[in-house]
Amino acid sequence: MPNQKILYVTTEMYPYHEDSNMGNMVHKMALKMHQEGNDVRVFMPRFGQISERKFQLHEVIRLSGMNIIINDLDQPLIIKVASLPGERLQVYFIDNEEYFKRKQLYFDDAGKAFEDNNERAVFFARGVIETIKKLNWVPDVIHINGWMASLIPIYLKTFYKDDTYFNDTKLVLSLYNEENSELGSNSKEILTFDNITELTSLDNPSFLGFVNDSMNYVDAIVKGDEFLVESLEEAYGQASAEKSDYLSVDAIAQLY
């Protein structure tokens with residue numbers, strides 16, 4: 001079914017991240033949809049481990065320069081773009097010196113979760129939404145991958161609920177067995193600042209808590225891993241959205 005506008009939002013993607021099921025799945029899905037004639041774009045964080053020189057990232061000046069306000073703190077949004085190696089498929093990178101310069105994803109070298117993971121997730125989610133609007137490109141489908149991206153459906157249906165830009169966009173969430181961790185105790189304060197107060201995970205916030213909450217705000221849920229950890233499987237079973245067990249890349253177009 002070509003000629004759809006499909007946006008993949010992910011925290012990992014091959015070849016920018018290797019040896020990751022999520023990264024490999026997003027790469028295969030995006031590439032297949034692109035090769036079938038759809039207008040496909042990918043958004044992801046510009047984690048410090050991604051080499052700008054190797055992958056030829058460059059800043060998009062007309063998209064950069066916005067500030068995202070997180071808990072009354074202004075953070076500058078920088079947008080970089082690259083083409084997927086060997087393909088004419090654009091990958092956009094959400095960047096910020098404070099949040100994404102570090103080489104590690106979510107944990108320091110001692111295995112301790114970064115205290116600002118909650119702020120980073122909010123910055124990423126809102127940065128994607130604001131950049132899409134600035135591109136003046138309305139996706140037919142937004143396919144969410146990764147706990148940090150799972151805040152996007154939540155924001156679209158709460159903070160941006162009166163914004164008609166995404167009214168006709170369908171939201172798909174893929175579930176993966178990601179490493180879980182608690183989020184900072186100020187997570188409730190950060191989200192309440194944006195008038196988000198109804199999440200069940202706010203009193204005990206965690207990576208997978210946000211994913212579980214996100215299931216209540218999407219149109220369809222897909223298993224990205226064939227077998228899910230117990231908490232994800234339970235939330236998946238209770239969700240009211242359209243559900244699909246693990247799909248091959250060839251079958252994903254049928255869902256769209």
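Me: Let's start in the sheet: how many bridges join β8 to β9?
Reply: Strands β8 and β9 run parallel. Strands are DSSP runs of E with at least two residues, and helices are runs of H or I with at least four, numbered from the N terminus; strands pair if DSSP finds at least two bridges between them. The number of bridges that join β8 to β9 is five.

Me: Before we go on, what kind of model is this?
Reply: Residues are numbered from 1 along each chain as its sequence is written, and side-chain values use heavy atoms, with hydrogens and water left out. Local features need pLDDT of at least 70, side-chain atom pairs count only at pLDDT 80 or more, and totals for chains, interfaces and linings use all residues; the model is predicted.

Me: Which residue in β9 does Asn145 stand opposite?
Reply: β9 covers residues 170-175, and five of its six residues are buried, meaning under 20% relative accessible area (exposed is over 50%, partly exposed in between; 1.4 Å probe, protein chains only). The residue of β9 opposite Asn145 is Ser174.

Me: Which strands stand at the edges of the sheet?
Reply: The open sheet has nine strands with mixed pairing, in the order β3-β6-β7-β2-β1-β8-β9-β10-β11. Each edge strand has a single partner, so one of its sides is left without a neighbour in the sheet. The edge strands are β3 and β11.

Me: What is the bridge partner of Ile79 in β7?
Reply: β6 (residues 78-83) and β7 (residues 90-95) pair in the antiparallel sense, over six bridges. In β7, the partner of Ile79 is Ile94.

Me: Which strands does helix α4 touch?
Reply: Helix α1 (residues 21-35) packs on the sheet against β1, β2 and β8 (contact means heavy atoms within 4.5 Å). Helix α4 (residues 117-135) also packs on the sheet, and its direction makes about 145° with that of β2. The strands that α4 touches are β1, β2, β6 and β7.

Me: How many residues of α7 are buried?
Reply: The buried residues include Phe207, Phe210 and Asp213. They belong to a set that packs against α4, α5, β9, α6 and α8. Out of the eight residues in α7, the number buried is seven.

Me: How are α7 and α8 oriented to each other?
Reply: Helix α7 (residues 207-214) and helix α8 (residues 230-238) pack with axes 9 Å apart, at an angle of about 15°. Axes are lines fitted to C-alpha atoms, for helices over the stretch in contact, and angles run from 0 to 180 degrees between N-to-C directions. Under 35 degrees counts as roughly parallel, over 145 as roughly antiparallel, 65 to 115 as roughly perpendicular and the rest as oblique. Therefore α7 and α8 are roughly parallel.

Me: Which residues of α8 do Leu208, Val211 and Asn212 meet?
Reply: Leu208, Val211 and Asn212 are the residues of α7 in this contact. Their partners in α8 are Ser231, Leu232 and Ala235.

Me: Which residue does a cis peptide bond join to Tyr14?
Reply: Omega of this bond is about 10°. The partner lies in the loop between β1 and α1. The residue joined to Tyr14 is Pro15.

Me: Is Asp19 buried or exposed?
Reply: Asp19 is found in the loop between β1 and α1. Its phi is positive, about 60°, although Asp19 is not a glycine. At 79% relative accessibility, Asp19 counts as exposed.
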